[in-house]
Each structure stands twice: as C-alpha cells, then as structure tokens.
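Hello,

Here is the structure I promised to pass on. Please open it first, then read my notes below.

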There are 2 protein chains.
Amino acid sequence: MSKPKLHILKIGGRLIENEEALHQVLHHFLQKDGNKILVHGGGKRASELGQILQVPVKMIEGRRLTDEATLEIVIMVYAGLINKKLVAKLQSMGSNAVGLSGADGNAILAHKRIVKTIDYGFAGDIDQVNTTFIKALLTAHTLPVFCAITHDKNGQLLNTNADTIAATLSKALAKEFEVNSYFCLEKNGVLSDPNDDDSLIPQLDFTTFQALKKEGTISDGMIPKLDNGFEAIDKGAKEVVICGPASFLRNEGTKLSKNG
Amino acid sequence: MSKPKLHILKIGGRLIENEEALHQVLHHFLQKDGNKILVHGGGKRASELGQILQVPVKMIEGRRLTDEATLEIVIMVYAGLINKKLVAKLQSMGSNAVGLSGADGNAILAHKRIVKTIDYGFAGDIDQVNTTFIKALLTAHTLPVFCAITHDKNGQLLNTNADTIAATLSKALAKEFEVNSYFCLEKNGVLSDPNDDDSLIPQLDFTTFQALKKEGTISDGMIPKLDNGFEAIDKGAKEVVICGPASFLRNEGTKLSKNG
C-alpha cells in the first residue's frame, strides 16, 4: 500500500506580512492533494516589539540569540499573534487549522542548546517529534500550523528555527507519509547568481551543493536551510523544494535530490 | 451507561501570576479523575504590555473594550505567552496539554458583538462549540487549555470573556459528559459579606442568587460569573463551583444548584 501524501510548507516573516502574496500561497497550498502541515517563522513583528520593549535583537550566524525577555517576545508574536492570525485565516479559507507550539501535545520535544563557544540562550535543539499526536490531528482532517517554539518537558519553552522545525517534521513523518516539503523564501529558490532572480537552479544534488558552498555561490542563511533540506531528503522525504512565493505558485523552485 | 467525567477549571490572571498557588491548583486539578479542560483569563500582563505600547485599557461593565491594538495585545498575551507557559507547565507535570484558541480546530465559533448602545469592538459572542474536535482531543488523552480568544470563521479573531468560555464549554459538553466546573476567583467563593472571607455561602440556588443580587450582597463582576454558572447548571452541568485557590484545594467553595 502506498503511503498517504503529506505536504509540509514553511513560510517566513516577509511573506506573512504581505497579505496578498500570503493569501495566494496559502490558497495554492490548500489545493494540494493529501495531508498538510504549515510551519511559520516570525519576521519583523518580533523585532519591532523588541524595540518598543527595549529588548535588543542579537543575531549570531543568522540565528536569534534568545535571552528571557526575547523568549517572551517570540512566544507572544510567534505562538500568539502570527500563529493565531494564520489559523483564523486558514479557517476562513475552509481549512480546519490547529495552531501549535512544540509544547502542545508534546509535539516537538527539545533541549536548551548546549553552550560550547556561543550561548544561544533559550534556543531549543530538537530531540523528538510526537508523530502519534500529529498523525491523530491529520487523521481528524485538521491542518497543524507550527510556530517556531518548542519545549523541554521541564516547563521551559524554547526558541527553535522554523526551517529546522519543518525539516525535522519532514524527517520524522517520512516513514509513514510520502512527504513533499516546500521551504518558501523570498527568492525563487537557490540562485547561481544571488542578484539575478532568473538564475534559478532547478535541481540541486548534495555534491553540487557542497561545491557551490565551497566556491561561495551558496552562502550565509541559505546554507543551514539547504543543510536542513538535504537532511530531510536523506531521511526519506520524497521531495524537498526551496522556492519563493512566485515560484511556489508555478510549482517551481530548486528541487533537492540525492546524488546520482 | 454513565457519562464520562469531565472537569472544567477556569483560572484568572492573579492566580496565573502567583507561581506557587498556580502550581498547587494545577496539581490538585490534575489529580481529579476523568477528562479535564483548563480555561484561563489574562490578568495584568496584557494591561502592562498595553501601557508600554501606549494602548489605553478601556473597561465597560467589567469587560475589556477591544479595539484593534488591544486585540493584538490580548492575542499575544493570552494565546501566546500565558497559554504556552501554562501548556509547558502542565507538560512538565505529566499532563499532555494542548493550548487552544477558539480558532484552533474551529473549537469556538463566535461573532463580533452586535453594537446596541455600547461598541465593545472585537468582542466575540459565542455561537457554537465544536464538540467533535474537543472530544477527539479528550479521547486522545490530551488536556485542552483554552485562552479567551475566539474567531468568526471569516478570519477575524475575537476577544471573549474566559468565564463565558468556561460556562459555554460546560453547557456544550454536558450532553455527553458528567461536567463538573470550577470557577476559580481570588475570594473563596460567593461571600455574604464581601469583606469577610469566612462568610462563604457554601450552597447557592438561583432564587437566592436573585434575592442577594437585588439586595446588593452580590454585585459587580460576580454577577456575570454567576449568570454564566447558573446557565451551565440549567443546561445540564452536574456541578458548578465558585471557589478560590485555597477553597479549591479543600474541595470547597460555593456550589450552585437549581431551586428546590
């Protein structure tokens, strides 16, 4: 028997703030056949609120440094404002969305990142996905909407990168579902020239990724996204696509593949 | 066949902010036999955040007037910070809590309150409870934790009084569950002398309530709470108790009953 289909879409802050583009992307997503999970990042609302509350944003290697004040802000903005607005929007589009943090239903268990050279504060590295709970939600025809918050089961909420959450869900659910994952960025996908949106690489295998990384064509924030994506492919996800709002609507983007 | 037990506990802002009392109340709640639902209010965090963001709090008849800026604040604080912290805490206590707004799983459908003499803004009056979804969560041995946010299924989130949510859930689930509801305030229950905590009325029927209301013994914020409680009793809830953190731990408080 073939595995049931599962589409996992990760969307970021800028898209969430663009009402029209967001609507188009969600509409296209909802038309896909099979189970669906949405994962969302935060964006500038958290930074804006942090500014007003005089909590400075600290970033290291593209990741937010999470002190206690910052943690409270991201919980409010990610798990509160953005998550619930997305859920209400999906509900208005006829989808029975359920907003979740990793604490809800113990869906995503993590631990506070071990301090080696950098103390990321309340950043959570994922240990386990509660696939039983998530499957129960999918079976009940609901659409889980995950924000980038996890917990450690000792009462501590943690801030976890949304790309990592999407990739981890893709891996954890690949055993029982035919997983198609879409990481929706701003650009149309992985570009051979970052300044030329038409230089989209339609297909990327791991060896080529390593080479492009070495020569500097792929750099900065794209690297952890692709590391995540290739790991999902490696763990059995059927398809991982790096795309942008426009290319997602055209079912295009950069499709990751194993070597060979 | 007897109906399965369901305990619904509503807790307010002050209790949530008192870590030790909160722990005791939740611990006592978790020891109760059968299904459980927690409903929580907001408290001063929303007002504090509103002050910093320079959104003034407007109250009419004990209810918060909800303009758009206030709505965003209560979504952040209720559905975000407080809800997720409670869920993480319950998870650490061994309970598989799932935090919900009324938008999640279309759990609580409401409409923006009709403007008669007062415009309450984005205040939601409840139309329907999705008992199928809530029963599925209970069957999966999870503990739903509701914040005081609902939605209208047209994409609009709404602010709904937490007591009303607890009472409405009690009514909606009374057909299929033996519902015991606890409204946990600061005082030990309904007092015959508001200044004397020992003047607890252990049992209160509807006729006596009306009489005490008329003579002014019961006034202000207690009236809508009792209206809600008596409505739940009337619609089939087995027991409704108005209590405080201390009396809840002693299984005491004011038990509401039908006349006679």
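Which residue takes a positive phi just after helix 4 of chain B? Gly94(B) does, at about 90°. Bear in mind throughout that this is a predicted model.

**Helix 4 of chain B**

Stay with that helix for a moment. Helix 4 of chain B covers residues 68-92, which makes 25 residues. From first C-alpha to last it reaches 34 Å. At 1.5 Å a residue, 36 Å is expected, so the two values are close. Helix 4 of chain B also has a kink of about 35°. The kink is centred on Asn83(B). Most of this helix is covered, with 22 of its 25 residues buried.

**How the two chains meet**

Now the interface. On chain A, 34 residues are in contact with 34 residues of chain B. Three elements of chain A each supply at least two residues to the side that touches chain B: helix 4 (68-92), strand 5 (97-100) and strand 9 (149-151). Helix 4 of chain A gives the largest share, 14 residues. By class, this side of chain A has 15 nonpolar, 13 polar and 6 charged residues.

Do the copies use matching or unlike patches? The answer is clear. Of the interface residues of chain A, 100% are also interface residues in chain B, so the copies meet through the same surface.

The symmetry is simple to state. A turn of 180° and a shift of 0.0 Å along the axis lay chain A on chain B, with an RMSD of 0.0 Å. That is the relation of a two-fold axis. In chain A, Gly80(A) has the C-alpha nearest the axis, at 1.8 Å from it.

**Chain A as a whole**

Chain A has 9 helices and 14 strands. Its radius of gyration is 17 Å. The globule rule gives 18 Å for 260 residues, so chain A is as compact as a globular protein of that length. Along the principal axes, the C-alpha atoms of chain A fill a box of roughly 45 × 45 × 35 Å. Of its 260 residues, 53% count as buried. Contacts in chain A often link distant parts of the sequence: among those between residues at least 6 apart, 73% join residues at least 24 apart.

**Helix 6 of chain B and Asp163(B)**

One more spot to look at. Helix 6 of chain B has 12 residues, which should span 16 Å at 1.5 Å a residue. Its end C-alpha atoms are 16 Å apart, which agrees. How many of its 12 residues are buried? The count is 12 of 12, so helix 6 of chain B is largely enclosed by the rest of the structure. Among the buried residues are Thr164(B), Ser170(B) and Lys171(B).

Asp163(B) lies in this helix, which runs over residues 162-173. Why does Asp163(B) count as buried? Because it has 23 C-beta neighbours inside 10 Å, and the cut-off for buried is 20 or more. Leaving aside neighbours within four places in sequence, Asp163(B) is in contact with Lys10(B), Phe183(B), Pro224(B), Lys225(B) and Asn228(B). Ile11(B) is 152 residues from Asp163(B) in sequence. In space, the two are 8.8 Å apart, C-alpha to C-alpha.

Best wishes

Methods. Residues numbered from 1 in each chain as written. Chains lettered and ligands numbered in written order. Predicted model: local features only at pLDDT ≥ 70, side-chain atom pairs only at ≥ 80, totals over all residues. Contact = placed C-beta atoms within 7 Å. Helix = DSSP H or I, 4+ residues; strand = E, 2+ residues; numbered from the N terminus. Nonpolar A, V, L, I, M, F, W, Y, C, P; charged D, E, K, R; others polar. Least-squares fit on C-alpha atoms with pLDDT ≥ 70 in both. Bend = angle between axes of the 7 residues up to and from the residue. Rg over C-alpha atoms; globule rule 2.2 N^0.38 Å.
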